[in-house]
Amino acid sequence: MKTKITEMFGIEHPVIQGGMHYVGFAEMAAAVSNAGGLGIITGLTQKTPEDLAKEIEKCKGMTDKPFGVNLTFLPGFAAPDYPGYIKAIIDGGVKIVETAGRSPEAYLPALKEAGIKVIHKCTSVRHSLKAERIGCDAVSVDGFECGGHPGEDDIPNMILLPRAAEELKIPFVASGGMGNAQQLVAALALGADGINMGTRFIATKEAPVHQNVKQALIDASELDTRLVMRPLRNTERVLTNAAVEKMLEVEKAKGDATTIEDVAEFVGGVYPQIMQEGTMEAGAWSCGMVAGLIHDIPTCEELVGGIVREAEEIIKGRMQQFAS
Ligand SMILES: Cc1cc2nc3c(=O)[nH]c(=O)nc-3n(C[C@H](O)[C@H](O)[C@H](O)COP(=O)(O)O)c2cc1C
């Protein structure tokens, strides 16, 4: 399937794997890229720029297809060495960067000069337009359904995507809630040139996470996510568990006076315990409503290839019959 996104990134299928903390290692990115999609290493999961440089080299040894690196500019934590990470990306010869969180404006000149394509993840039309204005090449439009940080506007993709299509000139992919062929067809119909998936890629054979995490996604329904850190205006959609319910009680009791210190025990440094050790009750971890559509653990090749093949069948079959 050819779209503006496959052309821009030199990939076979318009399916991107969004950066995911403690999931987006070289193994994940290479598996998605080898399947014809765009795999993405999560920059900040690597503790130092030197570690990221090593992870990029590792990924290059696992695929000869294009892959990207995610750089997340999130508030509230000690600022990482962003110039160092950018240097590791440029020196590593990576040609695609997914940025997220705050505006990547300060770092765009360096990235552009190195011939790097930048796709910025946005949860609103206004942020998407800003990304276009400052020179990003594409946008990942991330609806309210998404795992991770949906922003504070709460606009689901059925509205957000066609609104983005009304306003944007640069291509965009639909992010948030995506997991199957029907949704890819719908995203294309709504104006997107592809999809970005996070949660769905965790339940794949190659995802370098504990089996308990994959099983939790199979067991979960679309009703099992919760929004935490709302009072901090740093909302995160996570899979519910005992720790998350306790965290929500703290937030409810403290209301607008909730501070990051009040909830730090539920979010600070819990990812390695969950993703690598499979201690599912250790705290809050990002998970999208698409969990309700996850019923199996395919290979990335089966998942990405299957989505695109089935989408083409839907377009030629079910969709075609409505065009009289
Ligand atoms: C476990 C997990 C960790 C994530 N970590 C990051 C991250 O570090 N940086 C980022 O930009 N997005 C992160 N995301 C968001 C994804 O890149 C993607 O935008 C999102 O998952 C899309 O929604 P979906 O889960 O419904 O597919 C994360 C998502 C998940 C599920």
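User: Is Glu132 buried, exposed or partly exposed?

Analyst: The approach is to count the C-beta atoms around a residue; 20 or more within 10 Å means buried, and 12 or fewer means exposed. In this predicted model, Glu132 has 19 other C-beta atoms within 10 Å, so it is partly exposed. Glu132 sits in helix α6. Outside the four places on either side of it in sequence, Glu132 is in contact with Leu168, Lys169 and Ile170.

User: How far is Glu132 from Gly179, C-alpha to C-alpha?

Analyst: Separation along the chain and separation in space are two quantities to read side by side. Glu132 and Gly179 are 47 residues apart along the chain, and their C-alpha atoms are separated by 26 Å. For another pair, His120 and Phe172, the sequence separation is 52 residues and the C-alpha distance is 9.4 Å.

User: Where is His120 found, and what is it in contact with?

Analyst: His120 belongs to strand β5, residues 117–122. It has 28 C-beta neighbours inside 10 Å and therefore counts as buried. Leaving out neighbours within four places in sequence, its contacts are Thr99, Pro104, Ala131, Cys136 and Val139.

User: Where is Cys146 found, and is it buried or exposed?

Analyst: Cys146 is in the loop between β6 and α7. The same count is applied to a loop residue: Cys146 has 31 C-beta neighbours inside 10 Å, so it is buried. Beyond four places in sequence, Cys146 touches Ser175, Gly176, Gly177, Arg237 and Gly288. Ile41, 105 residues from Cys146 in sequence, is 19 Å from it in space, C-alpha to C-alpha.

User: Which residue in the loop between β6 and α7 has a positive phi?

Analyst: Most residues other than glycine have a negative phi. Asp154 is not a glycine, yet its phi is positive, about 60°. Asp154 is placed in the loop between β6 and α7. With 12 other C-beta atoms within 10 Å, Asp154 is exposed. Arg233 is another non-glycine residue with a positive phi, about 55°. Arg233 lies in the loop between β9 (225–228) and β10 (236–239), and its 11 C-beta neighbours inside 10 Å make it exposed.

User: Which residues of helix α7 are buried, and where do they fall when seen down its axis?

Analyst: The method is to list the buried positions and then look at their directions around the helix axis. In α7, residues 157–167, the buried ones are Asn157, Leu160, Leu161 and Ala164. Down the axis of α7 they fall within an arc of 95°, so they line one face of the helix. Among the elements covering the buried residues of α7 are α6 (125–134), β6 (138–142), β7 (172–175) and α8 (181–189).

User: Which residues of helix α14 are buried, and what covers them?

Analyst: Helix α14 spans residues 300–319, and its buried residues are Cys300, Leu303, Val304, Ile307, Val308 and Ala311. Their cover includes β1 (15–17), α2 (26–34) and α8.

User: How many residues does the largest nonpolar core have?

Analyst: In soluble globular proteins, nonpolar side chains tend to be buried together. Here the largest nonpolar core has 90 residues. Those with the most contacts inside this core are Ala29, Val32, Ile41, Val97, Ile195 and Ala284. Taking Val97 as the case, its contacts beyond four places in sequence are Gly68, Val69, Leu71, Ile89, Leu111, Ile116 and Val118.

User: Which residues come nearest to the ligand?

Analyst: A shell can be read by its nearest members, by the elements it draws on and by residue class. There are 29 residues around the ligand, of which Gly18, Ala100, Gly147, Gly198 and Gly288 come nearest. The elements giving two or more residues to this shell are β3 (67–73), β8 (195–197) and α9 (199–202). By class, the shell holds nine nonpolar, 16 polar and four charged residues.

User: How many helices and strands does the chain have, and how compact is it?

Analyst: The chain has 14 helices and 10 strands. Its radius of gyration is 19 Å, close to the 20 Å given by the globule rule for 324 residues, so the chain is as compact as a globular protein of that length. The C-alpha trace spans about 55 × 45 × 35 Å along its principal axes. Of the 324 residues, 46% count as buried. Among contacts between residues at least 6 apart in sequence, 64% join residues at least 24 apart.

Key:
Residues are numbered from 1 along each chain as its sequence is written. This is a predicted model: local features need pLDDT of at least 70, side-chain atom pairs count only at pLDDT 80 or more; totals for chains, interfaces and linings use all residues. A residue is near a molecule or strand if its C-beta atom, placed from the backbone, lies within 6 Å of it. Helices (H or I, at least four residues) and strands (E, at least two) are DSSP runs, numbered from the N terminus. Ala, Val, Leu, Ile, Met, Phe, Trp, Tyr, Cys and Pro count as nonpolar, Asp, Glu, Lys and Arg as charged, and the others, Gly among them, as polar. A nonpolar core is a set of buried Ala, Val, Leu, Ile, Met, Phe, Trp, Tyr and Cys residues joined through C-beta atoms within 7 Å. Two residues are in contact if their C-beta atoms, placed from the backbone, lie within 7 Å. The arc is that of the directions from the helix axis to the C-beta atoms. The radius of gyration is taken over C-alpha atoms; the globule rule is 2.2 Å times the number of residues to the power 0.38.
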